[in-house]
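Open the model in your viewer and keep the sequence panel beside it. The stops below go from strand to strand, then to the helices, and end at the ligand.

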Amino acid sequence: MRVERLTPRHFDRAREAVRTLKTAGRTGSPRPSLHRLRAYLSNRSNFLIVASENGDPVGFAVAYCLLRVDGRRMMCLYEVAVAPPWQRRGVGIAMVDFLVGWCRRNRVSKMWVITNRSNVAAIRLYTAAGAIASGRTDDVLFEWHWRVPPGRTGAAARGSASPPKR
Ligand SMILES: CC(C)(COP(=O)(O)OP(=O)(O)OC[C@H]1O[C@@H](n2cnc3c(N)ncnc32)[C@H](O)[C@@H]1OP(=O)(O)O)[C@@H](O)C(=O)NCCC(=O)NCCS
């Protein structure tokens, strides 16, 4: 199995991985359009990790490296998924280990992921990969949700969004 980070020069492989693996399934989000995928890959803070077997994509992970105000960086593991026939064969942990290794080599101080306690596979994966559930503390997650009009995110991704008016 091969695990690697895909960048703009791997665009065709990234497109194939997304086409094959990213469905509106359990992870919930739809496939991106091609120009949004290109914009995603062009941002060096974004990570598309793909696991492949004999050249075929079998799993992917999406993560974001965030800069803190104190100059330290942290990694948000946003999404990880393995094609059903390839699950429970070490693909998920290989991708998470890849990201942890990248963070350690590049002085990224921590990585986190949010999941559901009911997702046994995800809980087992992150535990096996060395993460510690923060449920033992009093952490709580709040979320804001709103609708974004079509087109706005594309403009922002191309860097043409205006600063918000106050
Ligand atoms: C979660 C997911 C990525 C795990 O990938 P995977 O390749 O099957 O995981 P691995 O084979 O690397 O297994 C890692 C560990 O998790 C355990 N595990 C994986 N799937 C499991 C399951 N269904 N039930 C119990 N344990 C499971 C493995 O036994 C292994 O633990 P061990 O090393 O202690 O034996 C995969 O199940 C998936 O794609 N699920 C749908 C998408 C999803 O829910 N993603 C997480 C969103 S936060």
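Start by selecting Ser-52, which stands opposite Pro-57 in β3. Strands here are DSSP runs of E with at least two residues, helices are runs of H or I with at least four, and both are numbered from the N terminus. Two strands count as paired if DSSP finds at least two bridges between them.

Two notes before moving on. Residues are numbered from 1 along each chain as its sequence is written. The model is predicted: local features need pLDDT of at least 70, side-chain atom pairs count only at pLDDT 80 or more, and totals for chains, interfaces and linings use all residues.

**The β2-β3 hairpin**

Select 46-53 for β2 and 56-67 for β3; the two strands run antiparallel and are joined by eight bridges. At one place along the pair, Asn-46 stands opposite Tyr-64 in β3. At another, Glu-53 faces Asp-56 in β3. β2 and β3 form a hairpin with two residues between them, and Asn-54 in the turn has a positive phi of about 50 degrees.

**On to β4**

Next, add β4, residues 73-82. β3 and β4 run antiparallel and are joined by nine bridges. Click Leu-67 and look across to β4, where the bridge partner is Arg-73. The hairpin of β3 and β4 has five residues between the strands, and Gly-71 takes a positive phi near 95 degrees.

**The whole sheet**

Now show every strand. Five strands form an open sheet with mixed pairing, in the order β1-β2-β3-β4-β5. The edge strands, each pairing on one side only, are β1 (2-6) and β5 (110-113). From one strand to the next, the twist averages 25 degrees. At the β1 edge, β1 and β2 pair in the antiparallel sense over five bridges; Glu-4 there stands opposite Val-50 in β2.

**α1 and α2**

Select α1 (residues 11-21) and α2 (residues 34-42), which pack at an angle of about 120 degrees with their axes 11 Å apart. Axes are lines fitted to C-alpha atoms, for helices over the stretch in contact, and angles run from 0 to 180 degrees between N-to-C directions. α1 and α2 are therefore oblique to each other (under 35 degrees is roughly parallel, over 145 roughly antiparallel, 65 to 115 roughly perpendicular, and the rest oblique).

Which residues of α1 and α2 meet? Phe-11, Ala-14, Arg-15 and Val-18 in α1 meet Leu-34, Leu-37, Arg-38 and Leu-41 in α2, contact being C-beta atoms, placed from the backbone, within 7 Å. The residues of this contact divide into six nonpolar, no polar and two charged. Ala, Val, Leu, Ile, Met, Phe, Trp, Tyr, Cys and Pro count as nonpolar, Asp, Glu, Lys and Arg as charged, and the others, Gly among them, as polar.

Keep α1 selected and bring back the sheet: α1 lies across β1, β2, β3 and β4, running at about 105 degrees to β3.

**The ligand**

Finish at the ligand, which 20 residues surround (each with its C-beta atom, placed from the backbone, within 6 Å). The closest are Gln-87, Gly-92, Ile-93, Ala-121 and Arg-124. β4, α3 (91-105) and α4 (120-128) each supply at least two residues of this shell, and α4 gives the most, with six. By class, the shell has 10 nonpolar, six polar and four charged residues.

Conventions:
Two residues are in contact if their C-beta atoms, placed from the backbone, lie within 7 Å.
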